[in-house]
Amino acid sequence: MARAAALASCLEAVLGSRGNANRVFEILELLAGQEEEEDILCAVRTCSRLFGALLERRELFVGQLPAEEASLADNYSAEDKYKMWMRHRYNDCVDCLAELMGHDAFQVKELSLCTLMKFVELEAHHPLIKVEWKGSLTFPRELLKVVVDGLLPLNEDASLLISRFQEYMEYDDIRYFVIKAVTESIGQVMQKTKERPLPFYQQNVFSLISPINMPNKESDMVKFMVKQDNWEELKVSKLQAHKQAFEKMWLSFLKHKLPTGLYKKVLVILHDSILPYMNEPTLMIDFLTVAYGIGGAISLLALNGLFILIHQHNLEYPDFYKKLYSLLDPSIYHVKYRARFFHLADLFLSSSHLPAYLVAAFIKRLSRLALTAPPEALLMVIPFICNLFRRHPACKVLVHRPNGPEGMSEDPYIMEEEEPSESRALESSLWEIQSLQNHYHPDVAKAAAVLNQSLSEMEDDISGLLELSAYELFDKEVKKKAVDVPLEFEQVRGLFGKKNDVFAEHFTLD
């Protein structure tokens, strides 16, 4: 309480008379020192009121600020000297607040952030940048860059502080200059790493830029923190400029190697939050190619991104189906992303214009891998294969080949072949599904037997089967009502019936 009263007294003295200007050091000393958390918070609030009032009263020097020694020269008036001196103290305050954004206590971080953003808003309305020609921008970009740098530490997770900052991103001008500042930060930080990922920094960047809500049209850009007189002529008012900055930011972020977990996070939001707001979405192909090489679910998500570029943005990518085919291995029936894999595979293979040899290769490989798949996966993949036959009747030769599997000395299909066109799938027969008709699980055997009959024209809805688990399958079996099954025509009368009595008598007589 005594410290708070002393700071209030300093504040009143500095604002009340320029003769007391030196007392500002008492406030800054608390701000920069290793004080108790409550004292620091009190000093931050005092600085907020002090420099907020000085900005509103225009008592800080406007224009290119001379060095502190140079500002004491005789060629400046007493008024200018005071404003220059106080502007230097304001800069000291900003430096301290920037450091406090890395403080251990979240309350200190949060208050420092909010105070700096208050200064951004006040500088936007009372610029410290001198307008030298029509068209010059007076927005405090340098101060906002200080804030952005504070939100992106190299060695700690700042996601909580970033979430506190998101409310400011609703302003179109703030969002535009934050995008610019992030791009600059990535260039400065990542070039020093020699392609080594910086997990905390890159995760912080993603936390800051992934929730960005871009406007769809220029008429949506109505919320600005400040508008200058020549606003309509400035880039910050143009949607095209926002899109260019947004695209440059993402490309600069994604051109560097990311921590593995971050690839998945980016790919999940790619089609909704990134591609629609890029001027040239096809520039993402390098990132998607690198992501595909990681393997597993990330490869699948990368293919989804490539599929969108092919269908919506006319990207030519002839190896797409070869890459999808190479993802088919025994693990696809066991991995936790199985549902997503088959949902996307169904989408990728939905076109009826795909060549028969390609679809046959997918059918054949899926069938071969099905021989070691669990029942819950088989109940999903058999209808999936049936749907492929419905879309591509030319592939039915795999089922209706004369003499069937018996007419072949060996299966001509080459499982190890990476190129679907060279796998000889169309020359083969679907003996794997025939084998599954003898599966130990009755539901699987019944599902596989469907291919013995003519398929209906209507496709099976596999959406309810994608998430089917072994637990659900077992639970279903357990809940089945037991039916009394007649085991013998004549009812048993007991353990020792009439025949047994005769046998016993005969045995005794002997």
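Here are legends for three close-up views of this predicted model.

**View 1. N204 and its surroundings in helix α9.** Let's start with a single residue, N204, which sits in the helix spanning residues 199-209. Is N204 buried or exposed? Its relative accessible area is 0%, and because the cut-off for burial is under 20%, N204 counts as buried. If you set aside the neighbours within four places in sequence, the contacts of N204 are L151, L152, P153, E156, D157, A158, S159 and I162.

**View 2. The largest pocket, with a volume of about 520 Å³.** Here you can look around a lining of 19 residues. To find the centre, look for R87, E123, L128, I129 and E142, the lining residues that lie nearest to it. Two elements, α4 (78-100) and α6 (141-151), each give two or more residues to this lining. The largest share, 5 residues, belongs to α4. Sorted by class, the lining holds 9 nonpolar, 3 polar and 7 charged residues.

**View 3. The second largest pocket, holding about 300 Å³ of space.** We move on to a lining made of 15 residues, with L379, P383, D443, A447 and L465 nearest the centre. Helices α17 (375-391), α19 (442-448) and α20 (470-478) are the elements that supply two or more lining residues each. Which element gives the largest share of the lining of the second largest pocket? That is α17, with 5 residues. As for chemistry by class, you will find 9 nonpolar and 6 charged residues in the lining of this second largest pocket, and no polar ones.

Note on methods. Residues are numbered from 1 along each chain as its sequence is written. This is a predicted model: local features need pLDDT of at least 70, side-chain atom pairs count only at pLDDT 80 or more; totals for chains, interfaces and linings use all residues. Side-chain values use heavy atoms; hydrogens and water are left out. Helices (H or I, at least four residues) and strands (E, at least two) are DSSP runs, numbered from the N terminus. Buried means under 20% relative accessible area, exposed over 50%, partly exposed in between (1.4 Å probe, protein chains only). Contact means heavy atoms within 4.5 Å. On a 1 Å grid over the protein atoms alone, a cavity is a set of points where a 1.4 Å probe fits but cannot get out, and a pocket is an open set with protein on both sides within 12 Å along at least five of seven lines; lining residues have an atom within 4 Å of a point. Grid points are joined across faces, edges and corners, and a volume is the space filled by probe spheres set on the points. Ala, Val, Leu, Ile, Met, Phe, Trp, Tyr, Cys and Pro count as nonpolar, Asp, Glu, Lys and Arg as charged, and the others, Gly among them, as polar.
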